[in-house]
Amino acid sequence: MHDKGMVMSLRRRALLKMGAAAGAVAAVPWSATPATGATSTTQNTARRGTTPGSFAAPPSAVRPKFRWWWPDALVDTAEIEREVDQIAAAGFGGVEIAAVTHSLSEHIDPARHGWGTPAWTKAVETALRRSAERDISVDLTIGPAWPAAVPSVTPDHRAATKELAHGTAVVPAGQSHSGPVPPPGTEPGDEAVTRQDLLYVQAIRVTDGSSPTDSPVLLDHDTVTDLTDTVTDGALSWTAPGDSGTWIVIAYWERGSGQRPEGPDHTTPRAYVVDHFSDTGTQAVIDYWERNILTSAVRRLLHTTGGALFEDSIELETDETLWTPDLPAQFEKSRGYALLPHLATVLERDEDPVFSFGGAIDKPVRRDVIQVLSDLYVDHHIRPLQDWAHGLGLQLRVQPYGVGNDSVHASAVLDITEGESLGFKNPDDFRCLAGGRDMGGKLIVSNEAGATWGGAYSTTWDATLKKLVPQYAAGVNQAVLHGFAYAEAPGAAWPGFAAFSPYNGGAGFGEAWGPRQPTWRHVPEIAGYLSRTQQILQTGVNRADIGILRQQGPAGTGLGAPWFTAEGVPVGWTHLFLSPRVLDLPSAKVRGGRLAPDGPAFKALVIEGDILSGKEHTLELDVARKLIGYAKAGLPVIVIGDWSDGHVPGLPGPADNSELKALLAELFALPTVRSVADRPDVPQAIAALGLQRDAEYAQSSMLVHAHRADEDADYYFFANDAVNKKGSTGTPISHDVTLTGPRRDAVPYVLDAWTGSVTALPLYSRTEDGRIRLRISLDPGATTIIVLTRPGRWADGPHPYATHSEATEIRRGHSGRLEIRDVRAGTYGTTLDNGRTVKTSLTEVPEPLPLTHWELSVEDWQPGARPSQTVKKGHELTLDSLQAWPQIPELQNVSGIGRYRTTVQLDAAWTGGYGAYLELGEVLDTFRVTVNGHSLVGADQLTPKVDLGPHLRRGTNTIEIEVATTLLNRLRVTNAPAFGTSKPQNYGLIGPVHLIPYGRATLDR
């Protein structure tokens, strides 16, 4: 969820910072057991054999979902059924039920209507039953709000999340401490924390030159003295040795963190966050569900709806050091040395280190702790939850990041891994999750999609779709849109309850989609577009040119790949991130010079120093051995930097570093390995190794793509990411692109995700090596899909095509014959696939016609008698020029739906010789075009240009443009305290609007 403690939790930032300070994490050899998962389920296996029919009408399983916010269990069964019907009718494939009530100003009785109560279970049963009838899936969040919490534990319970608090006493040399052990220096985080258990007591001398008041205090590691066994009845008597210097007595106390799930209390008794690193914490969640939620009806229905259990990101927030009771034992088992002598360097207060033993100890120990916690999270939280979910007929969907953990590895284990468009900084954060997914043989990278801080009731679908573009190109193939809100709740004002709006006195997070929004009228077309896009991106397996091996695998850092992110992506290279753990998976093998040949099929592996630790040249011994094996098997490897100082991460054994240097020397000597001095030198290694990308184009900072493949087809998704580039105003692009197909005789088809049409590409050429060269032209945010496959796979063939034309456009007519189009009269030469060049003439083409006179009918959406009721008032206007609604006095504060109508007189030539495009110019937000009574459903919302050619006629032509808005402008006056400071949005058809005639003529072969 995001909010997320205002976008990124402090705990997450602190631990990522700690990871950056600590550098790479040493890994324990991991078993080669495949990652567990419900591989028999539809969502977890590659979908193959996509056909034109299924592309036009995608199945429910590939359709986008909504995060469905409930005001706990204060819901009505009839309203639940109605909202399920609304979501299904709009073309969405599932919901995720979440109890989130941040916006509420009035109390909900958690005893009667809280999460997990009989009322909650009854409501869930209703949602499951109705969803099964409407063929949509239901995902259930693991607890109220986030993080995972249950009311069956108190902070003192062993299953609750823990922190390691500490107290200190300063003892000068030769003096004594006699009395109670120093108590924790901070109070517990919740009044329900009643226990503070003393674990250890140590005395450590302060290093000369440091002071007990420093932050952090520098300590002498050689002087660590364990005083735990000298404590009697809570008292300590100890004399500091020596005649100079200062010692610090440190008492380590284990206690509950007292963290509750976000928002007002959702349960009675209060729920507290569970320990995410222990079987005990995970079992507390399972036990609560088994006792309180999983009625016989719920169990039966879960097997019917085929959804998932969902857990949000790991936002564990403590005042002191994040802890789990079994950490010392698990640490020693995993890392081969005891944590206790180094424990002081792990201590935090207010998310900053308290003590330091110096970099040689601090960095390796701290990152070893992160790695152990990461392993515990996977083994004692994800795996048990996943096994239990499978027994219920569910998958497990998790956002596996937040404490600096190895998100790449977790993504390889999970049924469905998820990121978020608000919290992630750039597409490379999603490529971390996709790397794990693909190495684990899983199918989905989900996305908590479209959330916008401050965007409540002002978030446009145009902006939402443009935000999704680079995320789909980075490996995302499922959107769970944030969100759909239940209709009403105590204290909610028009247009109804929303989880995060209003919020903290302002507009809050967007968006609360649904029938309360004027744009909902057009949402089925958007849902269809997303469904078709996701269907292709869930077909076959994801392919990537390059694997980037990192020493640590957290997601959400925003850190890019060496050279490839900045320089490689703009020319067509694709990459994913790997971590050491995923190299232990069965997929991590080399065949035919490719790593993971049945998955991403990486052409090369790239390694540089640990990006989270100043590019420190650390590498695990086991990873170095694997790299040698890969290189000997024919995999190209590129190593960046001078590794003469290479060393293992973590505290090294006596011979570890010398062994690593020997392994590195062996690696560098292999013919498939290239070492370069720095990132700019990577192209030299690429050239020397003879590497070629699957998609090749001239440098473009805006064109991005994803590539998938099945047995006999390659699928390329292209998008114009112009609006997401810093400093870009969002401009159209047009680039020649060369693509690798599955076979030398492969032919290209273009798939229109807006309409569902499949067309044999009319204009392309072949390179000498059998690749396909074509042109990709896209408006800002727009997308296209190209499929290369055997002739006849997607449509009857063979299909004639052109390799070059002087005309602006080559189209394939309804008969399959080629035609040229151009807005200019003239004679145009076109070279056909048989090598013949034909000349085709277009007679005089009319000039563009500006459309300025419009009749405008407006539905003005205003508050009704209930919070969820909307009254629609009418306005009828005549416009001699187009203006944004705020500039029209009658529409200054209006939100709703506007229907623009104009007529155009066309002469006899329009019986077949001409066509025309309708260019809309600026329009906010969604639109639909009707010409002569024919609704052009499926118009590309990201390209406000519509082909009217087949529908125009001689004489009078009526053109209607329906525009739907957000609700902001009305809310600015009806709820001024929350929305009044927001700038009004320029609604409506603003234009300029032009009818652009074109001539067309069929080519004679």
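Contact here means that heavy atoms lie within 4.5 Å of each other. By that definition, and leaving aside residues up to four places away in sequence, Ile961 touches Trp854, Gly898, Arg899, Tyr900, Leu918, Leu920, Phe927, Arg928, Val929 and Leu989. The structure in which these contacts are found is a predicted model.

**Nonpolar cores**

Ile961 also stands out in a wider setting, for together with Trp70 it touches the most other members of the largest nonpolar core, a set of 279 residues. To this core helix H9, which spans residues 359-391, gives the most, with 12 residues. Apart from the largest core lies another one, made up of 15 residues, among them Val181, Leu236, Ala251 and Trp253.

**Aromatic residues**

Across the whole structure, a search finds 33 aromatic pairs. One of them is formed by Trp68 and Trp70, whose rings meet edge-to-face, with 5.3 Å from centre to centre and 85° between the planes. Trp68 and Trp70 are both buried, and they belong to one aromatic cluster that also includes Trp115, Trp120, Tyr288, Trp289 and Trp388. Trp70 thus appears in two descriptions of the model, as a member of this aromatic cluster and as one of the two residues that touch the most other members of the largest core. Elsewhere, an aromatic ring has a charged partner: Lys945 lies over the face of Tyr917, at 4.4 Å from the ring centre.

**A buried glutamate**

Glu320 is found in the loop that runs between strand S13, residues 308-311, and strand S14, residues 321-323. Is Glu320 buried or exposed? Glu320 counts as buried because its relative accessibility is 0%, and the cut-off for that term is under 20%. The side chain of Glu320 makes polar contacts with two other side chains, those of Thr186 and Arg349, as the table sets out.

| Side chain | Partner side chain | Polar contact |
|---|---|---|
| Glu320 | Thr186 | 2.6 Å |
| Glu320 | Arg349 | 3.1 Å |

**An open sheet**

Four strands make up an open sheet with antiparallel pairing, and their order in the sheet is S30-S33-S37-S36. Strand S30, residues 695-697, and strand S36, residues 765-766, are the edge strands, each of which pairs on one side only. S30 is joined by three bridges to strand S33, residues 733-739, and these two strands run antiparallel. Within this pairing, Ala695 has Leu739 in S33 as its bridge partner.

Technical notes
Residues are numbered from 1 along each chain as its sequence is written. This is a predicted model: local features need pLDDT of at least 70, side-chain atom pairs count only at pLDDT 80 or more; totals for chains, interfaces and linings use all residues. Side-chain values use heavy atoms; hydrogens and water are left out. Buried means under 20% relative accessible area, exposed over 50%, partly exposed in between (1.4 Å probe, protein chains only). A polar contact is a pair of N or O atoms within 3.5 Å; within protein, one must be able to donate a hydrogen and the other to accept it, and residues adjacent in sequence count only if both atoms are side-chain atoms. A nonpolar core is a set of buried Ala, Val, Leu, Ile, Met, Phe, Trp, Tyr and Cys residues joined through side-chain atoms within 4.5 Å. Rings of Phe, Tyr and Trp (its six-membered ring) pair if their centres lie within 6.5 Å; planes under 30 degrees apart count as stacked, over 60 as edge-to-face and the rest as tilted. A charge sits over a ring if NZ of Lys or CZ of Arg is within 6 Å of the ring centre and within 35 degrees of the ring normal. Two strands pair if DSSP finds at least two bridges between them.
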